[in-house]
Amino acid sequence: MVKRFLVFNIFLTLLCGCENKKHDNFYEALTQINPEPNPPDNAFYFIMPDLGCSGCIYQAMELYKKHALREDVYIIFTSYISKKKLDLEIALFPHLADNIFFDAKNVMVEKEILAYYPVLLAVEDGKIIFMRDMQPTDEVVLEEFKVLLEP
Amino acid sequence: MSYFFQKSFLSILSISLVLMGCTNSTEKKLENFSHELVLEGYYQIPLDSVTDGLPYGYSGVFRSNNPNDSIFEYGKDYFQFISNSTGEWLVYDLATSNNIFRLKLTGDGPVRFAPINAFIPKNADSILVLNFPYVTLINHKGEILKNINALTPEKLGQFIPQSYVLPVWIDDVLITGIMSENLPPNDLRRKVDMEELIGAIMYIDIITEEKSFKHEFSDQYLNGNYLSTQMYFGTLYEFDSNATAILGYPHSDSLFIIEGGKVKTQFQAKSEFFNSIPPITPKLKDFDHYRINYCYRSHFYDAKNKIIYRVVSLPIAEDNLDNPDITISRFKNIAIIAVNEKFEKVAEIVLPENFHDLMAFVSDGKLYLWDKEKSFSDEDNIHFGVFELKDKIIN
C-alpha cells in the first residue's frame, strides 16, 4: 500500500514538473516576444506557425477570426522562415498590434511550445488550463477549445 | 581507469566503429552506381515586392493539353505556384521566367479557396482545385464550372496538406493520396484490421462524380507497428502515357505503376541508407518521429530520358529539433534515387543541404530543385538548382 502511494506521488510530482515546465517555457517565450510586464490572467492564445500544416492553420485562423476583436484573444505568429513575408504581415496589421504578436526570432519554437501544428492555449486565473497541438485529424482539440472560448 | 569506464569506452568505441563501417559501406555502395546527378546550373523566377516565394500548398510545372488554349501555348512548360502572401495563382513561362498570368484565389478574389491542398491545371479552361472537402473545376477567370464534395459516408479521410504530395488528373479521373483518420490510431496499442488499411488512394471521376478508394496501406501495420502521420501519405506522378501513374508511400521500398485503379508493375526503388523505419512510441511526438527518421517523399518522372527520380528524406539530428532557425529544424536534407526504364536503380546521391524538394519539377530532361539558401538570402527571386543525370566517368 505504502509502495503504491509512493509511486502515485512520484507520478504526480513528475506530471506537475512537466506542466510547470510548459507553463514556464510559455511565459519565458511570451516575455521575449512582448515585454509587457503583466500578461493577462485570463486569455486565449492562438499560436500559429508560418510554415506548417496549411489545413490546420486555416481551421485555427477561421476560429480566431470569429473572436479577433475580443480583448482576451491573442494571436502569436511564429516559426518564420521568410523575412519578406514577416515584413509584409507586420505591415498588414499595424492597427491591431495590441493583440497580435510576431515572434520574429522563433522563440516559441526554441522553447518547445510549437513544432509544426498550431497550438491553442487558454489561461485561467494565471494558470494554463489548455495547451494542445491542433493536428489535422484531431477535431476534438478544436471542439474542446471552442467550448472554453464560447461557453 | 575503472572497470566501468573501460567497459563504457570499449562499448562506445565498438558502436562508433560499427557506425563508421556502416557509413563507409553505404558511401561505397553509392559510388558503385553507374550514373550521377550533376548540378548543371541555376534558374530563377523573379517576384514582385508583395509576393513571397514560399508556395501555398502547391507548385510545379504544367503543359496545356489544348491546342487552341486561349492563354497557354500548347506543348510549352509553365512554372506555377500559389503565393502564400497574396493568395494568387502565378504562372511563369519557364523558358523566359516571365510572369504571364495571375489569378487571385484566396481572400477577396473572384473565387475564395482556402485551404488549397492541391491545384492541377490542364488548360486555361480546365483547372482543378482541391480544397477539402471539395474538388472544384474552374476556368482561368475563376468561374466555378463544377463543385464536387469529396466526403463519403463510408470513409473518413482528408486531402493531404503538403506541397510535395502531388495528386494526378488522368483522363477524367482525379487520383489523390488521402490522410487517414485511423492511421496511426490515437491509442497506439490498438490493432487495426485489414479493412482499415484499404483505401490509401482516392479516385474521383470528375464527370460522373463517382468516388472510390483503392490500394492498401502496408500490412506491416497489422502488427501494430505504427509510424507518424506523414509516413502514410501516398504520392503520385504521371508516368509514360496518360493512363498510368507512379504511386509511392513514404515507408515503402517499392514504387508501383498503376493503371485503371490496379497495380500494373511493382519495382524496388530502395535507399541504401535504411531498411525499415522504427515505429512511433507514445513518448515521441508525431512530427518529431517524422523528422528524426529516414523515409521516402515525392517522386518525379523525366519522360525525355525515361528516368524516375525518388526523393529520400534524411533525418534531422535530435539536437536540432527545437532550433529556432527553421531552415535547420524543419527542412530535412534529401538524397535522390534514379531508376531507369528497366526499373533498375542507377544512382543514389546525397544532395548539398541547400537543395530541397519543397519545390521541385522536371522539364526537358532536367531536374529542378529549390535552392533554399539562395531563395532566403534573395527573397525577390525563387532560386533552383538544375540537375542532369549523367553516366559516371570512371578514371
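# A guided tour of chains A and B

Begin in chain B, where a hairpin of five residues joins strand 16 to strand 17. The model on display is a predicted one.

**Stop 1: strands 16, 17 and 18 of chain B**

Select residues 244–248 of chain B for strand 16, together with strand 17 of chain B; the two pair in the antiparallel sense over five bridges. To fix the register, display Gly248(B), which stands opposite Leu255(B) of strand 17.

Next, extend the selection to strand 18 of chain B, residues 262–268, which pairs with strand 17 of chain B, again antiparallel, over six bridges. Here Glu259(B) has Lys262(B) in strand 18 as its bridge partner. Two residues lie between strand 17 and strand 18 of chain B in this hairpin, and Gly260(B) in the turn has a positive phi of about 55°.

How many of the six residues of strand 17 of chain B are buried? Five of the six, across residues 254–259, are buried, so strand 17 is largely enclosed by the rest of the structure.

**Stop 2: charged pairs in chain B**

Remain in chain B and select Arg63(B) and Asp77(B), which form a salt bridge with their closest N and O atoms 2.6 Å apart. This pair links distant parts of the chain, 14 residues apart: Arg63(B) belongs to strand 2 (residues 55–63) and Asp77(B) to strand 3 (residues 77–83) of chain B. The two partners may be coloured by accessibility: Arg63(B) is partly exposed at a relative accessible area of 49%, whereas Asp77(B) is buried at 13%.

Then add Asp48(B), Glu88(B) and Arg102(B), which salt bridges with shared partners join into one network.

**Stop 3: the sheet of chain A**

Hide chain B and turn to chain A, which has an open sheet of five strands in the order 3-2-1-4-5, with mixed pairing. Which strands stand at the edges? Strand 3 (100–102) and strand 5 of chain A occupy these positions, each with a single partner strand, so one side of each has no neighbour in the sheet. From one strand to the next, the twist averages 15°.

Within this sheet, select strand 1 and strand 4 of chain A, which pair in the antiparallel sense over five bridges. In this pairing, Phe46(A) has Leu120(A) in strand 4 as its bridge partner. Now add helix 5 of chain A, which packs on the sheet and touches strand 1, strand 2, strand 4 and strand 5; the direction of the helix makes about 150° with that of strand 5 of chain A.

**Stop 4: helix 5 of chain A**

Select residues 139–149 of chain A and display the side chains of Val141(A), Leu142(A), Phe145(A) and Leu149(A), which are buried. Looking down the axis of helix 5 of chain A, one finds the buried residues within an arc of 95°, so they line one face of the helix. They pack against strand 1 (43–49), helix 2 (54–67), strand 2 (73–78), strand 4 and strand 5 (127–133) of chain A.

**Stop 5: charged pairs in chain A**

Side chains of opposite charge can pair when their charged atoms come close. Over all chains, the structure holds 26 salt bridges.

Select Glu28(A) and Lys111(A), whose side chains meet in one of these at 2.9 Å, N to O. Glu28(A) lies in helix 1 (residues 2–33) of chain A and Lys111(A) in the loop between helix 4 (107–110) and strand 4 (119–124), so the salt bridge ties together parts that are 83 residues apart in sequence. Glu28(A) is partly exposed, at 38% relative accessibility.

Then centre on Asp87(A) and Lys83(A), whose side chains form a salt bridge at 2.7 Å, N to O. These residues are four apart in helix 3 (residues 83–92) of chain A and are thus separated by about one helical turn. Asp87(A) is partly exposed, with a relative accessible area of 37%, while Lys83(A) is exposed, with 55%.

**Stop 6: the interface**

Finally, restore chain B and select the contact between the chains, which takes 34 residues from chain B and 28 residues from chain A. The size of an interface is often given as the accessible area lost when the parts come together. Between chain B and chain A, about 2700 Å² is buried, with carbon and sulfur atoms giving 58% of that area.

How many salt bridges are found across the interface of chain B and chain A? The rule finds one. To view a salt bridge between the chains, select Lys84(A) and Asp380(B), whose closest N and O atoms are 2.8 Å apart.

Definitions and conventions:
Residues numbered from 1 in each chain as written. Chains lettered and ligands numbered in written order. Predicted model: local features only at pLDDT ≥ 70, side-chain atom pairs only at ≥ 80, totals over all residues. Heavy atoms only, no water. Salt bridge = Lys/Arg side-chain N within 4 Å of Asp/Glu carboxyl O. Buried < 20%, exposed > 50% of the residue type's maximum accessible area, 1.4 Å probe, protein only. Pairing = 2+ DSSP bridges. Arc of directions from axis to C-beta. Contact = heavy atoms within 4.5 Å. Axes fitted to C-alpha atoms, helices over the stretch in contact; angles between N-to-C directions. Buried area = accessible area lost by both parts, 1.4 Å probe.
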